[in-house]
Amino acid sequence: MKTASQQASGTDIKRYMREVGQRARVAARAMSRAETAAKDSALTAMAAEIERQTDALIAANKKDLEAGKAQGLDSAMLDRLELNAARIKSMAEGLRQIGLLPDPVGEITDLNYRPSGIQVGRMRVPLGVIGIIYESRPNVTADAAGLCLKSGNASILRGGSEAIHSNRAIAVCIQTGLKQAGLPEDAVQVVETADRAAVGELIRLKEYVDVIIPRGGKSLIERISTEATIPVIKHLHGVCHVYIDDTADMDKAVKVAFNAKTQRYGTCNTMETLLVARGVAGQVLPVLGKMYHEKGVELRGCEATRKILSGIKTATEEDWYTEYLAPILSIRVVENVDEAIDHIARYGSAHTDAIVTEDITHARRFLREVDSSSVMVNASTRFADGFEYGLGAEIGISTDKLHARGPVGLEGLTSVKFVVLGDGHVRK
């Protein structure tokens, strides 16, 4: 069989993508009946191969980084693109964690007898073929392959052209793991052509693909959501907030607000706007302002904030809506928890928002009224992550309200069907 790159070379993209889809559909049927032991064996083999190939992965990634710098990619994009030994180890550990999780496929729940004598329940089943379109982060290749594999799905992975060398190198490790476990190699296919037309074809392959998951910038996700003829699991952007309540423990508030912004800048769960209750603003903002300044974070504040932190830029209306993915932070002083919730409702992206408070009533109100996929009390927004939530890894974070919401792990990649058990029962 020719490789994907050979098939794509000199061949019509439409035909190439249909062939990828056809192979994925066949593989999906095999994966739906694959034993848990085989899937876990493949994940273990993939993880081991990724660690064995650390030097090769870093070398491939170096080509992408050099090309990215030459193309003028900004620092946030380059950070998301970079693979180092620690990130490669984390990628392998994510696959092992997926292998340790219970297999959701075939689980039957809510099995009850009906008055007719039949038993009715729900069985968890794979979605089928999942198309994943992503930018920059090559670790998504391993995360997506692992999660789709464990949940009994076949996957078609289309990474960005800026990470093509990294993705190809990771794909080799994935194929090695599939072979060792005796699973179909077409269960995970990485689209090797950088031609953007492949994306347009993939999102319309409704004959073969069951769901599309885009991961990347707002423009990419908007395009996919608009043009796809296949259901899409998505989030557009992450405008995440931390609100420091007037009852907050100041040590906790400083730790959480500093970590939420500076632990890593280029992620969708990084805090972009800090909200501070007026009653404690004069106490906490000078401390945080000094810490952010030492870290090189540019601050933009409302009028009340600028009176406390002199010399910082004025926050505009656009700033409240902005996902910076960079060392920039907007700060607003609010009257109370009500105004904080109102601000989040108006400017937030339904991704992740946190409150720092010692008032249980305020905490409960925040949890109940903030309509985001993750809502936190006294914890950094950076915890909004599949690995941290015990999912092993995530395929993305959904801000949709149907099917999957929040970090999408194994359950988010499955559906349910009704099952009926009888013994010759007929309806009267």
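# Legends to close-up views of the protein chain

**Figure 1. Contacts across the whole chain.** Among contacts in the protein chain with a separation of 6 or more, 72% join residues 24 or more positions apart. The model is predicted. Its protein chain folds into 16 helices and 16 strands. The radius of gyration is 23 Å, and the globule rule gives 22 Å for 428 residues, so the chain is as compact as a globular protein of that length. Along the principal axes, the C-alpha trace spans about 70 × 65 × 40 Å. Of the 428 residues, 53% are buried.

**Figure 2. Surface and charge.** The protein chain exposes about 19300 Å². Carbon and sulfur atoms supply 49% of that area. The chain carries 54 positive and 55 negative charges. The mean positions of these two sets lie 4 Å apart.

**Figure 3. Confidence, and the stretch 1-10.** The mean pLDDT of the protein chain is 93. A pLDDT of 70 or more is reached by 97% of the residues. Over residues 1-10, the pLDDT is below 50. This stretch still has 13 contacts in the model beyond near neighbours in sequence.

**Figure 4. Ala 253 in helix α11.** Helix α11 covers residues 250-262, and Ala 253 is part of it. Ala 253 has a relative accessible area of 0%, so it counts as buried; the cut-off is under 20%. Which residues does Ala 253 contact, leaving aside neighbours within four places in sequence? They are Ile 244, Ala 248 and Val 356. Val 356 is 103 residues away from Ala 253 in sequence. In space, their C-alpha atoms are 5.9 Å apart.

**Figure 5. Val 356 in strand β12.** Strand β12 runs over residues 352-356 and includes Val 356. Is Val 356 buried or exposed? Its relative accessibility is 0%, so Val 356 counts as buried. Residues up to four places away in sequence are not counted in the contacts that follow. Val 356 touches Val 242, Tyr 243, Ile 244 and Asp 245, among others. Its partners also include Ala 248, Asp 249, Lys 252, Ala 253 and Val 256. Asn 378 is another one of them. Ile 244 and Ala 248 are also contacts of Ala 253. Glu 303 is 53 residues from Val 356 in sequence. The C-alpha atoms of Val 356 and Glu 303 are 23 Å apart.

**Figure 6. Ser 41 in helix α3.** Ser 41 sits in helix α3, which spans residues 36-52. Its relative accessibility is 35%, so Ser 41 counts as partly exposed. That class lies between the cut-offs of 20% and 50%. How far apart in space are Ser 41 and Glu 222, C-alpha to C-alpha? The distance is 37 Å, with their positions 181 residues apart in sequence.

**Figure 7. Asp 110 in strand β1.** Strand β1 takes in residues 108-113, and Asp 110 belongs to it. Asp 110 has a phi near 55°. The value is positive, although the residue is not glycine. Most residues other than glycine have a negative phi. Asp 110 has a relative accessibility of 53% and therefore counts as exposed, the cut-off being over 50%.

**Figure 8. His 403 in the loop between β14 and β15.** Where does His 403 lie? His 403 is in the loop that links β14 (397-398) and β15 (406-407). The phi of His 403 is about 70°. This is a positive value in a residue that is not a glycine. Asp 110 also has a positive phi, but Asp 110 is in strand β1, whereas His 403 is in a loop.

Conventions
Residues numbered from 1 in each chain as written. Predicted model: local features only at pLDDT ≥ 70, side-chain atom pairs only at ≥ 80, totals over all residues. Heavy atoms only, no water. Helix = DSSP H or I, 4+ residues; strand = E, 2+ residues; numbered from the N terminus. Rg over C-alpha atoms; globule rule 2.2 N^0.38 Å. Buried < 20%, exposed > 50% of the residue type's maximum accessible area, 1.4 Å probe, protein only. Contact = heavy atoms within 4.5 Å. Areas by Shrake-Rupley, 256 points an atom, 1.4 Å probe, with all protein chains shown as cover. Lys, Arg positive; Asp, Glu negative; His and termini not counted. Charge placed at Lys NZ, Arg CZ, Asp CG, Glu CD. pLDDT = per-residue confidence, 0-100.
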